[in-house]
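The following note is addressed to a colleague who meets this structure for the first time. Its points are numbered so that each may be read against the model.

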Amino acid sequence: MVIFDEKVTHYLGGENYVFLGVREGYQTLLSTDMERELDHMARFFKADVAYKRNIGFTGTLRIEPKPEEPTKHQYDWDAATADNFLQKYGLIGLTF
């Protein structure tokens with residue numbers, strides 16, 4: 001059973017839970033199936049929203065684009081990418 005960290009956030013009375021952007025573990029997009037990975041990530045977020053509701057956590061789930069990594073100008077691109085991902089997979093209305 002996977003226990004998401006917002007259970008601890010909920011227990012401690014937190015108002016938000018942030019999914020931190022992390023490195024995916026590959027050096028090039030040529031060594032992965034991006035569509036498959038995005039499908040899996042969307043399923044994860046949908047499962048996490050259901051879990052959040054199940055434990056009674058009413059806080060906001062947030063996704064952190066990686067600002068200033070590698071440079072500041074990257075932030076707008078990452079924010080737009082995150083927004084498009086949420087729209088494509090119908091995650092906008094899921095009370096993130």
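**Notes on the predicted model**

1. Phe 19 has a relative accessibility of 12% and therefore counts as buried, since the cut-off for that class is under 20%. The model discussed here is a predicted one. Phe 19 takes part in an edge-to-face aromatic pair with Phe 44, with 5.7 Å from centre to centre and 80° between the planes. Phe 19 belongs to strand S1 and Phe 44 to helix H2, so this pair ties together parts that are 25 residues apart in sequence. Phe 44, at 32% relative accessibility, counts as partly exposed.

2. The aromatic residues deserve a point of their own. Six aromatic pairs are found in a search of the whole structure. One of them joins Tyr 17 and Phe 19, again edge-to-face, at 5.1 Å centre to centre and with 85° between the planes. Tyr 17 and Phe 19 are both buried. Ring pairs connect Tyr 17, Phe 19, Phe 44, Phe 45, Phe 85 and Tyr 89 into a cluster.

3. As to the overall arrangement, the protein contains three helices and two strands. Along the sequence these elements follow the pattern α-β-α-β-α. The protein has 96 residues, of which 24% count as buried. Among contacts with a separation of 6 or more, 72% are between residues 24 or more positions apart. The accessible surface amounts to about 7,200 Å², and 55% of this surface belongs to carbon and sulfur atoms.

4. Which residues make up the largest nonpolar core? There are 11 residues in all: Tyr 17, Phe 19, Ala 42, Phe 45, Val 49, Phe 57, Leu 61, Phe 85, Leu 86, Tyr 89 and Leu 91. Strand S1 (16-19), helix H2 (34-55) and helix H3 (74-88) are the elements that each give two or more residues to this core. H2 supplies the largest share, which is three residues.

5. Strand S1 has two faces with unlike surroundings. Tyr 17 and Phe 19 point to one face and are buried, while Asn 16 and Val 18 point to the other face and are not buried. This follows a general rule: in a regular strand the side chains alternate between the two faces of the sheet. S1 runs parallel to strand S2 (residues 60-63), and four bridges join the two strands. Opposite Tyr 17, in S2, stands Leu 61.

6. Helix H2 may be checked for its length. Its 22 residues should span 32 Å at 1.5 Å a residue, and its end C-alpha atoms are 31 Å apart, which agrees. The buried residues of H2 are Ala 42, Phe 45, Asp 48, Val 49, Tyr 51 and Lys 52. In general, an α-helix has 3.6 residues a turn, so residues three or four places apart point the same way. After H2 comes Gly 56, which has a positive phi near 80°.

7. Tyr 51 may be considered within the same helix, as its place is in H2. With a relative accessibility of 12%, Tyr 51 counts as buried. Tyr 51 and Glu 6 are 45 residues apart along the chain, and their C-alpha atoms are separated by 9.2 Å.

8. What does Phe 57 contact once its neighbours within four places in sequence are left aside? Its contacts are Glu 6, Thr 9, His 10, Gly 14, Glu 15, Asn 16, Tyr 17 and Lys 52. Thr 9 lies in helix H1, which covers residues 6-11. Is Thr 9 buried or exposed? Thr 9 is buried, because its relative accessible area is 16% and the limit is under 20%. Not counting residues up to four places away in sequence, Thr 9 touches Gly 14, Asn 16, Tyr 17 and Phe 57.

9. A last point concerns Asp 78, which is found in helix H3. Its relative accessibility of 18% places Asp 78 among the buried residues. Asp 78 and Glu 64 are 14 residues apart in sequence, and from C-alpha to C-alpha they are 9.1 Å apart in space.

Notes:
Residues are numbered from 1 along each chain as its sequence is written. This is a predicted model: local features need pLDDT of at least 70, side-chain atom pairs count only at pLDDT 80 or more; totals for chains, interfaces and linings use all residues. Side-chain values use heavy atoms; hydrogens and water are left out. A nonpolar core is a set of buried Ala, Val, Leu, Ile, Met, Phe, Trp, Tyr and Cys residues joined through side-chain atoms within 4.5 Å. Buried means under 20% relative accessible area, exposed over 50%, partly exposed in between (1.4 Å probe, protein chains only). Contact means heavy atoms within 4.5 Å. Rings of Phe, Tyr and Trp (its six-membered ring) pair if their centres lie within 6.5 Å; planes under 30 degrees apart count as stacked, over 60 as edge-to-face and the rest as tilted. Accessible areas come from the Shrake-Rupley method with a 1.4 Å probe; for residues, only the protein chains shown count as cover. The expected span of a helix is 1.5 Å times one less than its number of residues. Two strands pair if DSSP finds at least two bridges between them.
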